[in-house]
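Student: I would like a close look at the cysteines of this protein. Please set them in the context of the overall fold, and then turn to the charged surface.

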Amino acid sequence: MSDLERICSVDDVPADTTFLFRVAGDDEDEREAILVRTDGDIRGWLNYCMHLTDIKIDKGSGATMRNGELICENHGAYFEADTGYCNYGPCEGAVLDDLDITVDGDHVFLSDDDYSFVGRGGVEKDPADRSSSSNVEF
C-alpha cells in the first residue's frame, strides 16, 4: 500500500515512552500505532494489547516503559520493545502486531505494504459519544 511515507523525525521518538500515530489498512479503517526506541533502533507496533485488543498500550500520553519493555497498564502485561513478545501477563507468549519501519537519516518512514500513514496522534473519538471507556467489567 505504501512506499516510504514519512512519520516523523528520529528526534520525535522519545527514549522512555512511545510516539503515537495513525495508519489505515486495506479496509481503510484507521488504527493507532506506536514507535518505540530500542537499542539503536526504532520499532513500530499496532497500539493494542494482545490480551484484549480493544485496550491501548499508549492511551495518548505515551506508554509506560521499564527496562526495555512496554507495559499494558490495564493487564500488567510486559512486551519486549524490540521483539513485541509478551514475557509476562495474561497474554504471555503472544506477540504484538508489527509495522515495517525504515529509518533513513534523521527521518522515520512507514514502509509497510499493508498500511498507509494517516497522521500523528490517536484516532479521534466522537465528542458526543458518552459510552464508558472504563476497562472494569461487572
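Tutor: From the N terminus on, the elements of this predicted model run β-β-β-β-β-β-β-β-β-β-β-β. The secondary structure of the protein thus comes to 12 strands and zero helices. Of the 138 residues in the protein, 40% are buried.

Cys49 and Cys72 belong to that buried part. Cys49 has a relative accessible area of 0%, and Cys72 likewise counts as buried at 0% relative accessibility. The cysteine sulfur closest to that of Cys49 is in Cys72, at 3.8 Å. A disulfide requires two cysteine sulfur atoms within 2.5 Å, so the separation of 3.8 Å is too far for a bond. Cys72 is accordingly in no disulfide, and its nearest cysteine sulfur is that of Cys49. The structure as a whole holds zero disulfides.

The charged surface offers a second point of interest. A negative surface patch is formed by Asp26, Glu28, Asp29, Asp97, Asp98, Asp100, Asp113 and Asp114. One of these residues, Asp98, lies in strand 9, which spans residues 98-99. Asp98 has a relative accessibility of 40% and therefore counts as partly exposed, since that class lies between the limits of 20% for buried and 50% for exposed. Asp98 is thus partly exposed within the negative patch, whereas Cys49 is buried and Cys72 is buried as well.

Conventions: Residues numbered from 1 in each chain as written. Predicted model: local features only at pLDDT ≥ 70, side-chain atom pairs only at ≥ 80, totals over all residues. Heavy atoms only, no water. Buried < 20%, exposed > 50% of the residue type's maximum accessible area, 1.4 Å probe, protein only. Patch = residues over 30% accessible without salt bridge, like charges linked within 9 Å, V, L, I, M, F, W, Y side chains within 5 Å. Areas by Shrake-Rupley, 256 points an atom, 1.4 Å probe, with all protein chains shown as cover. Salt bridge = Lys/Arg side-chain N within 4 Å of Asp/Glu carboxyl O. Lys, Arg positive; Asp, Glu negative; His and termini not counted. Charge placed at Lys NZ, Arg CZ, Asp CG, Glu CD. Helix = DSSP H or I, 4+ residues; strand = E, 2+ residues; numbered from the N terminus.
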